[in-house]
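Biologist: Before we discuss any label attached to this model, could you put the sequence and the structure in front of us?

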Amino acid sequence: MTARGIDSTPAARITRVSGPLVQVDGADAAMHDVLELGPHRSPGEVVAVRGPAVTVQAYEYTGGLRPGDAAVPLGRPLAAPLGPWLLGGLFDGLLRPLAGGPVWLTAGSLGAPAQGATRRFTPRVAKGDTAVPGGILGTVATGGPIEFRVLVPPHVSGTVRQVAAPGEYGPDDVLVTVGTAPVTMTTSWPVRTPRPYTDRRAADAPLLTGQRVVDAFFPIAKGGTAAVPGGFGTGKTLLLQQIAKWCDAHVIVYVGCGERGNEMADVVGELSTLEDPRTGGRLLDRTVVIANTSNMPMMAREASIYTGVTVAEFYRDMGYDAVVIADSTSRWAEALREFASRSGTPPAEEGYPADLASALAAFYERAGVVRTLGGGSGSVTIVGAVSPPGGDMTEPVVANTERFVRCRWTLDRDLAYARHYPAVSWSASFSRDTGLVGADYARRGDPGWDARRARALDVLADADRIAALADLVGTGGLPTHERMTLLAGRLLRDGVLQQNALVANDAYCTAVKSAALLDAVLTVCDRCHALVDAGTGPASIEAIDFGPLARARETLGPADAGGVARLRDSILAQLNAAAPGRMA
């Protein structure tokens, strides 16, 4: 029997196959229902219903399917299997494990999720207690740093009728009975349906990423959204990998959507060897990797985005902060375009479907800080890469994404070619979360964060303007203050904005060290301007070695704000020594 109680004896038959689109006649199925196609029982989802015929998008390679093959409706939408085996795993877009699969995936080569053997359950409720949706019934040991909490399913409430004793149980064993509803350690959820919550809360804390250009200039709040547009070779994947490694979320969901297989292999390899700064264990132990590389079926790529955010919502409901990193949403949009073309949907701008903006909005809307059904607090933060063809920042995916995100970290090709990484453009990026982040820093004892950021961006903008003039007249032809502004811009770029992912001291930077570096550079620049006001020649100031300050990001530890202050004082002493009459 199917989920609707329909006899699943194969009566429906395939009548037409066109790439990933399959037409089936005689299927009792509704929109978004899942069917199993052909002898390998390949999964597919209903995307159109026309009388007795339904159109199905297949999530596996359709080679070998032919008219007359059987199709079995399952009577339910595409759902993600969720349970304690997720963290540390590598899955495809339907959340089927890739570990142990063949080198080249074929239809039917991936089975059901590897739910493992028994795990130890520890109850937190007793018989006779009242259970509400989202309440914690117990915990399951996973061997990792994140406690897996067994929750009351949404729309289930009542009196606890039965509780299993502490001990080892399988994934389908009943642990608690609430009313008449049995609860196991596993569940499933339709990937296109957001999981419910009580209400949204205003974001009030930054997601610290360890990347200075993000944390100090274009911060993102927990529960926020960000887009990372950039052309080929500008460092999108490396920046996203750094955020996955170092951000202060509890759970990371990394979705490799249409990217190259070797990049995904690098991500998994690094996550499995990198030490988690929060727990001291493997970073992979609190990460879920969903891989749908460029040579995997196109429509599974489309589903992987929704699967990833469903996993994040699952851990959000347990009270955790989760981050979804989607690399890249452009490949997802290309899958939508290919599907629209095959299904005969009239194309809109650049061939994308007319509902592209709605699809992007629905995806990013699932981010946020919420009060869970159980009364706790959790968040989902979404960071999506955008790969515009030819680096065109006006193409539809970039333009529509910008409407729905609160942060945009634009990667600049000129910066990347100059080997300035991360190549985040300070003139083309923005953050709408700076106000709330500044308020959070003020509450934690740093009321000057917002002013430092605004001052640094002003200096960078002035330096860019003056640099264009210096290219025409030469630095020596500029007024003294403009020469000092050029120096300040260079120190900000080299000493603060750049970050070397291959150097241990610089791969990750604490907020304290970021603030110290920015404060040191601005203080030195202020002293330079004061010196030229007092009559010091700009050449004598430019002759001073500012290298130790510019290199402090690499030579000092990730939290060594004291070392930065000592370097600042040393540079100031050299500047004072260069002043006429030894400026105080």
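**Cavities and a buried threonine**

Modeller: This is a predicted model, and in it the lining of the largest cavity is made up, by class, of six nonpolar, one polar and three charged residues.

Biologist: Which residues line the largest cavity?

Modeller: The lining consists of Asp-215, Ala-216, Tyr-441, Asp-446, Trp-449, Arg-452, Ala-511, Ser-514, Ala-515 and Leu-518; Asp and Arg count as charged, and Ser, being outside the nonpolar and charged lists, counts as polar. Helix H13 gives the most to this lining, with four residues, and the volume of the largest cavity is about 70 Å³.

Biologist: What makes up the lining of the second largest cavity, by class?

Modeller: Its lining divides into four nonpolar, one polar and three charged residues, with Gln-241, Lys-245, Asp-266 and Glu-270 among the residues that line it. Helix H3 (261–273) provides the largest share, four residues, and about 40 Å³ of space lies in this cavity.

Biologist: Why does Thr-510 count as buried?

Modeller: Buried means under 20% relative accessible area, and Thr-510 has 16% relative accessibility, so Thr-510 counts as buried. Thr-510 lies in the loop between helix H12 (504–507) and helix H13 (511–533).

Biologist: How do you know which residues are in contact with Thr-510, leaving aside its neighbours within four places in sequence?

Modeller: Contact requires heavy atoms within 4.5 Å, and with those neighbours left aside Thr-510 is in contact with Pro-558 and Ala-559. For Pro-558, the backbone oxygen lies 2.8 Å from a polar atom of the side chain of Thr-510.

How values were computed. Residues numbered from 1 in each chain as written. Predicted model: local features only at pLDDT ≥ 70, side-chain atom pairs only at ≥ 80, totals over all residues. Heavy atoms only, no water. Helix = DSSP H or I, 4+ residues; strand = E, 2+ residues; numbered from the N terminus. Buried < 20%, exposed > 50% of the residue type's maximum accessible area, 1.4 Å probe, protein only. Polar contact = N/O pair within 3.5 Å; in protein donor to acceptor, adjacent residues only side chain to side chain. 1 Å grid on protein atoms, 1.4 Å probe; cavity = no way out; pocket = protein on both sides within 12 Å on 5 of 7 lines; lining within 4 Å. Points joined across faces, edges and corners; volume = space filled by probe spheres on them.
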